[in-house]
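Trainee: Please take a close look at one part of this model, the metal site and the strands beside it, and then place that part within the rest of the chain.

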Amino acid sequence: MQNTYEIADAWRKAKKVVVFTGAGMSTESGLPDFRSAQGLWKQRPEALATLEALYSQPGEFYFFYQWRIAKLWEVAPNNGHTALAALQQEGYVHKLITQNVDGLHQRAGSVDAIELHGTLRTVSCIECSYTADSRTLLPDYTGWEAAYRKGTYNYGMECHCPECNSSMRPDVVLFGEALPQKAWQKAQNACSEADFFVVIGSSLAVSPANYCPQMALSNGANLLIINNEPTPFDNYAKWVIREKAGEVLDRVKDNILNL
Ligand code: APR
Ligand code: ZN
C-alpha cells in the first residue's frame with residue numbers, strides 16, 4: 001500500500017486540481033470496464049458502439065446498450081466517487097472530467113462533471129428531437145438477457161421513437177462521432193489551467209480524451225495516475241499508484257481533509 005501523505009500534501013497545496021476519470025472509476029460499483037472486461041460482450045466495444053452497428057446488427061447493438069442501461073440503474077457510486085465529491089465540496093477539486101457515461105459521479109454529489117463521452121442516462125431519436133430516460137429503452141419483460149445468450153433475442157419496439165417511429169439511440173458518443181463541442185472545450189480549458197492533474201481508472205487508450213493529460217503536462221502540471229495497469233503516460237507521472245481507485249481515493253481524501 002503506497003504512502004499517500006506526500007501526494008495528499010501536494011494535492012492540498014495545488015491551486016487548480018483537475019481530475020480525469022475512466023471506466024476503472026466504476027468497476028468497484030460493479031460496472032465492468034471496457035478493456036479488461038472478461039469478454040462480456042461477443043464483440044469489442046469499438047465494433048458495437050457505432051451507428052453502423054445500429055443499422056447492420058441492431059440486435060447486438062441494442063443488447064449491448066440495454067444490458068449497460070439496466071446495469072447502470074442497479075449499481076451505486078462507490079467510495080471513490082464519494083471521496084471525489086467530498087474533496088470537490090471542500091475546494092480540492094477544481095474540475096472533474098469523465099469519460100464515463102454512468103452518471104455515478106453526479107449521483108455521489110460531484111457537480112459540473114464534464115462528460116466527454118455523453119451519458120447513458122438518456123436516449124434520443126436519431127431523426128426528431130424526442131429524448132427520454134434511458135430506462136424507456138429496456139424490454140418490458142424479464143429474462144431478455146437470458147434470451148440473448150440463448151440466441152433467441154430480438155430487440156422489441158421499445159427501441160423506436162414513439163413520435164416518429166425512427167430508431168432510438170443512447171446519448172453517448174459513438175465511435176467515429178465527434179465529442180460534444182461544449183464539453184470538449186470546457187475540458188481543454190480545465191487542462192490548460194491545471195497545476196495538478198489526476199488520472200483515475202483509465203487506460204488512456206482513446207483519443208482525443210487522452211490528449212487531456214498531455215495538455216496538463218505541457219502546462220507544467222504534476223501528474224498523478226491511479227490505475228491498475230500501466231498507461232502510456234506512466235513515465236511522465238510524478239506518482240503512479242497501482243491500487244484500487246476507491247481505496248486510494250478514500251485514503252487520500254482522509255489525508256487531505258485531516259492534514
Ligand atoms: N482501480 C484502478 N484502476 C482500475 C480499476 C480499479 N478499481 N478497475 C479497472 N481499472 C483500470 C483498468 O486496469 C484499465 O486500465 O481502469 C482502466 C480502464 O480502462 P478502459 O477499460 O480502457 O476504460 P477507459 O479508459 O475509460 O476507456 C475510454 O473507451 O470504449 C471507450 O467510450 C469508451 O469511455 C470509454 C473509452
Ligand atoms: Zn423521433
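Mentor: In this predicted model, β4 and β6 run antiparallel to each other and are joined by four bridges. Within that pairing, Cys125 faces Met168 of β6. Most of β6 is covered, with four of its five residues buried.

Cys125 also takes part in the metal site: the zinc ion (ligand 2) is bound through the SG atoms of Cys125, Cys128, Cys161 and Cys164, at 2.2 to 2.4 Å. The angles among the four donor atoms run from 97 to 124°, and the site is tetrahedral. That assignment holds because four donors count as tetrahedral if all angles lie between 85 and 135 degrees. For reference, the ideal angle for four tetrahedral donors is 109.5 degrees. Along the chain, the donors of the zinc ion (ligand 2) have the spacing C-x2-C-x32-C-x2-C. Cys128 and Cys164 thereby link distant parts of the chain, 36 residues apart: Cys128 is in the loop between β4 (118-125) and β5 (131-133), and Cys164 in the loop between α7 (144-150) and β6 (168-172).

Neither loop position is fully covered. Cys128 has a relative accessible area of 29% and is partly exposed, and Cys164, at 35%, is partly exposed as well. The residue after Cys164 deserves a remark on its backbone. Asn165 has a positive phi, near 70°, though it is not a glycine. Asn165 sits in the loop between α7 and β6 and is partly exposed, with a relative accessible area of 49%.

Now the wider setting. The chain divides into domain 1 (1-30 + 77-117 + 179-259) and domain 2 (32-74 + 120-172). Between the C-alpha centres of domain 1 and domain 2 there are 29 Å. The contact involves 15 residues of domain 1 and 11 residues of domain 2. About 950 Å² is buried between domain 1 and domain 2, with 55% of that area on carbon and sulfur atoms.

Elsewhere in the chain there is an open sheet of six strands, paired in parallel, in the order β3-β2-β1-β7-β8-β9. β3 (114-115) and β9 (239-241) each have a single partner strand and stand at the edges, so one side of each lacks a neighbour in the sheet. Inside the sheet, β1 (residues 17-21) and β2 (residues 95-98) run parallel and are connected by four bridges, with Phe20 opposite Ile97 in β2.

Thr21 belongs to β1 and is buried, at 0% relative accessibility. Leaving aside residues up to four places away in sequence, Thr21 touches Leu84, Leu96, Ile97, Thr98, Gln99, Asn100, His105 and Ile200. Thr21 and Ser202 are 181 residues apart in sequence, yet their C-alpha atoms are 6.3 Å apart.

Two backbone details in loops complete the account. The peptide bond from Ser207 to Pro208 is cis, with omega near 0°, and Pro208 lies in the loop between β7 (196-200) and α9 (211-218). Asp112, in the loop between α6 (104-108) and β3, has a positive phi near 55° without being a glycine. Asp112 counts as exposed, because its relative accessibility is 68%.

Technical notes
Residues numbered from 1 in each chain as written. Chains lettered and ligands numbered in written order. Predicted model: local features only at pLDDT ≥ 70, side-chain atom pairs only at ≥ 80, totals over all residues. Heavy atoms only, no water. Donors = N, O, S within 2.8 Å, 3.2 Å for Na, K, Ca; no water. Tetrahedral: all angles 85-135°; square planar, octahedral: opposite > 155°, others 65-115°. Buried < 20%, exposed > 50% of the residue type's maximum accessible area, 1.4 Å probe, protein only. Pairing = 2+ DSSP bridges. Domains from an automatic or database assignment. Contact = heavy atoms within 4.5 Å. Buried area = accessible area lost by both parts, 1.4 Å probe.
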